[in-house]
Amino acid sequence: MRITKYAHSCVRLEHDGGTLVIDPGIWSEPQALVGADAVLVTHEHADHVDVLRLKGLGAPVYAPEYARIPSLDFTGVGAGEEFRAAGFRVTSQGGRHAPVYGGLPDCANLGYLVEDRLYHPGDSLHCPDRPVEILLVPLQGSWMKTDEAIDFIRTVDPERAHGIHEGQINERGLSSLNRWLAQECGGRYQWLAPGATA
């Protein structure tokens, strides 16, 4: 499986002729969607779903069944559901966005386990229900702090982890976070800059 990282939480997966894109939000590059066969959206926030781009894509979009995404046709997915998208086997995990303050925002959020190898948690630190090879770990959000990202990697214990959800961090902060996670996670963590592949 070829992984290409795009800005913020967007990743593109290619395998056996299929192309699956996860969380192409308003901060991600338009080229992430070129030739996409299907799209997974973890939740309804604009940094994870760009409705205007997806409306004209002509590829199926999968999102949490209770997501409020006006003007977008999508297939609703429930927590724990297994389905196929762009030829990939996907299992949804979790169910709720991590709280920021006072229990809000309270919206649906699914993590996606792809081919039992790669896990994208969206805006949560919900641990997958089985071991994974590749973990995409959020680096920053109003709903988290750095020690939670480190603990997330240690708890899931993947073979390797790559950072996502970095769209609001300047270069100094990103460099510091990347050093910290690499140091604390036993060499499993590696930053993929937007456009880089693994």
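Let me start with Phe83, which at 11% relative accessibility counts as buried, where buried means under 20% relative accessible area, exposed means over 50%, and partly exposed covers what lies in between, with a 1.4 Å probe and protein chains only. What we are looking at is a predicted model, in which local features need pLDDT of at least 70 and side-chain atom pairs count only at pLDDT 80 or more, while totals for chains, interfaces and linings use all residues. Residues are numbered from 1 along each chain as its sequence is written, and side-chain values use heavy atoms, with hydrogens and water left out.

How many aromatic pairs does a search of the whole structure find? The search finds two, with the rule that rings of Phe, Tyr and Trp (for Trp, its six-membered ring) pair if their centres lie within 6.5 Å, and that planes under 30 degrees apart count as stacked, over 60 as edge-to-face and the rest as tilted. The rings of Tyr62 and Phe83 have centres 5.0 Å apart and planes at 25 degrees, so this pair is stacked. Tyr62 belongs to strand β5 and Phe83 to strand β7 (residues 82-85), so the pair ties together parts that are 21 residues apart in sequence; strands here are DSSP runs of E with at least two residues, helices are runs of H or I with at least four, and both are numbered from the N terminus. Tyr62, like Phe83, is buried.

Phe83 also pairs with Tyr112, this time edge-to-face, at 6.5 Å centre to centre and with 85 degrees between the planes. Since Tyr112 sits in strand β9 (residues 108-114) and Phe83 in β7, that pair ties together parts 29 residues apart in sequence. Tyr112 has 0% relative accessibility and therefore counts as buried, and Tyr62, Phe83 and Tyr112 form one aromatic cluster.

Now to the sheets. One open sheet of six strands has the order β1-β2-β3-β4-β5-β6 with mixed pairing, where two strands pair if DSSP finds at least two bridges between them. At its edges stand β1 (2-5) and β6 (75-77), each with a single partner strand, so one side of each is left without a neighbour in the sheet. Neighbouring strands of this sheet are turned by 25 degrees against each other on average, direction ignored; axes are lines fitted to C-alpha atoms, for helices over the stretch in contact, and angles run from 0 to 180 degrees between N-to-C directions. Within the sheet, β4 (residues 38-40) and β5 (residues 61-64) pair in the parallel sense over two bridges, and Val39 has Val61 in β5 as its bridge partner.

Another open sheet of six strands runs in the order β7-β8-β9-β10-β11-β12, again with mixed pairing. Here β7 and β12 (160-164) stand at the edges with a single partner strand each, so one side of each has no neighbour in the sheet. The average turn between neighbouring strands of this sheet is 30 degrees, direction ignored. Strand β11 (residues 134-138) runs parallel to β12 and is joined to it by five bridges, with Leu135 opposite Ala161 in β12. Helix α2 (residues 146-156) lies across β10 (118-120), β11 and β12, running at about 165 degrees to β11.

To finish with the whole chain, the protein has three helices and twelve strands, and 52% of its 198 residues count as buried. Its C-alpha atoms fill a box of roughly 40 × 40 × 30 Å, taken along the principal axes.

Conventions. Contact means heavy atoms within 4.5 Å.
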